[in-house]
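Here's a quick tour of a protein model, written for someone who'd rather get straight to the architecture. Have a look at the chain first.

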Amino acid sequence: MPHLSPRNTRLQRKTTAEGAAVEDENHVPIFEVLVASIDRDPATAVKRVHNGILRAIPLAGTETRKSYQTKLLAFIQSGDVEMHKLAAIDWLSDARLVVETWAGFLEPGRDPSGVRCEFRTLVAVKDRSWERIFSGLAAGAEQLILQLPWNAGRKSPFELDTFVLPDLSALNPKYGYKNLTFTNRAKANSAVADQDYIVDKDVASYEKHFDMSFFFQLALHEMLGHGCGELCRETAPGQFNFDPADMPVNPLTNEPVNSWYSLSHPPEAAFVGIATGYVECLAEGIGLYIMSSEGAQKILAPHTELDMDEVIYNAYLSIARVGLRALRSYDSRSQVPSGTAKVEVHLDNSGVGSQPRRSLKVTLDRSKIKTVGHQALGDLIFKLQICRSIKDVARGTAIFMDLTTVSDKELLWKE
Ligand SMILES: [Zn+2]
């Protein structure tokens, strides 16, 4: 079968018209490989995407956009992922759009094995005011990064010499980057619709501060969370971004660093199976940690009248809530880490009679955010970053699995 790639294929169990599984003579279920192309799969949504692009090409306006859409069309027709990569390079080079469109692969983190992506199409109109905010954050990033625990005021060997804007594509950074945030989607995620697990006394504050804390977390996660931290690595045969004759000291062991990424074992090959979750966990932690920085607050919300301590409190609360939501979709058979953060959770037997209404609520102690919470978060991102920097896969994996492995107690919460 031509053009097989994890990106554009799906396994589907073969079934009869009545929905019963089809098995071979040894009673092994038969799976079929589906490829997302109109050659292979002409009757589905792929065909509608194809027809839409076909109509858009004459209206493209510029040669770059025409080239993007033509290559995208070729991908949709054949399923050839290389053609999609070429289309993405055109898309990345077209930086100054007011109306942005995209059709492609996103979010490998949703795949338990971290490889397959969702194919999504979108049309968006650019909000210039957000661009200014993100530019301000990029300009202030060097100062904010110094506050991270592995730097502590002075850049360590585990930090980039110069801050580079994060590259969110899977492509080589030489083609550039685009960082898209959908404000209407964020609004649709609003606090009102998302109050499960929040205790009654917190609801009013959660509603009031949710939008601001979401905005902070999103901006800091994307810009700093994915934009800082250096990996110890071989940059060309026999050349390194550290001095092999004077190795940096591993702050977790106080021994010289003794592992790094070589050309034959690049970062993409390490932390197999948890790589995406690991990096997202670190980025989320960095965002939450830097949220406490006055510098970040001055850049992101210079005129806010909201109490920033409450904004931060609700960001912690929100992460705990998201962890519990992740538990809902946890599949105990696959043992895939749930992304569940370990939080203090109370099972509330507040019902009456023989059928108690059991509901799960998160309680956080406000007074401990600045003291215990911030410190604990700093320790966590410190360890995650160092292990990632020096390719300490064993230690990093142990920390990550401890954070995300679902215990029997948590499985009961799921029930
Ligand atoms: Zn991220």
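What follows covers confidence, overall make-up, the nonpolar cores and one helix.

## How far to trust it

This is a predicted model, in which local features need pLDDT of at least 70 and side-chain atom pairs count only at pLDDT 80 or more, while totals for chains, interfaces and linings use all residues. Residues are numbered from 1 along each chain as its sequence is written.

The average pLDDT (the predictor's confidence in each residue, from 0 to 100) is 83 for the protein, and 84% of the residues score at least 70. Among the elements, helix H10 (residues 369-389) has the highest mean pLDDT, 95, and strand S9 (residues 345-349) the lowest, 44. Over residues 337-356 the pLDDT is below 50, yet that stretch has 45 contacts in the model beyond near neighbours in sequence. Contact here means that two C-beta atoms, placed from the backbone, lie within 7 Å.

## Overall make-up

Count up the secondary structure and you get 12 helices and 10 strands; these are DSSP runs (helices H or I, at least four residues; strands E, at least two), numbered from the N terminus. Of the 415 residues, 26% are buried, meaning that 20 or more other C-beta atoms lie within 10 Å of the residue's own, with C-beta atoms placed from the backbone. Take the contacts between residues at least 6 apart in sequence, and 65% of them join residues at least 24 apart.

## Two cores

A nonpolar core is a set of buried Ala, Val, Leu, Ile, Met, Phe, Trp, Tyr and Cys residues joined through C-beta atoms within 7 Å. The largest one has 52 residues, and Leu220, Leu224, Ile286, Ile290 and Met291 have the most contacts inside it. H4, H6, H7, H8, helix H9 (308-328) and H10 each chip in at least two residues, with H7 giving the largest share, nine.

Zoom in on Leu220: leaving aside neighbours within four places in sequence, Leu220 touches Gly225, Gly287, Ile290, Met291 and Ala296 by the contact cut-off. There's also a second, separate core of 13 residues, with Ala36, Val46, Ile53 and Leu73 among them.

## Helix H4, with a bend

H4 (residues 128-145) runs for 18 residues and reaches 25 Å from first C-alpha to last, close to the 26 Å expected (1.5 Å times one less than the number of residues). At Ala139, H4 bends by about 45°, the angle between axes fitted to the seven residues ending there and the seven starting there.

Which residues of H4 are buried? They're Leu137, Ala141, Leu144 and Ile145, and they pack against helix H6 (200-225), helix H7 (275-290) and helix H8 (294-300).

Definitions and conventions
A residue is buried if 20 or more other C-beta atoms lie within 10 Å of its own, exposed if 12 or fewer, and partly exposed in between; C-beta atoms are placed from the backbone.
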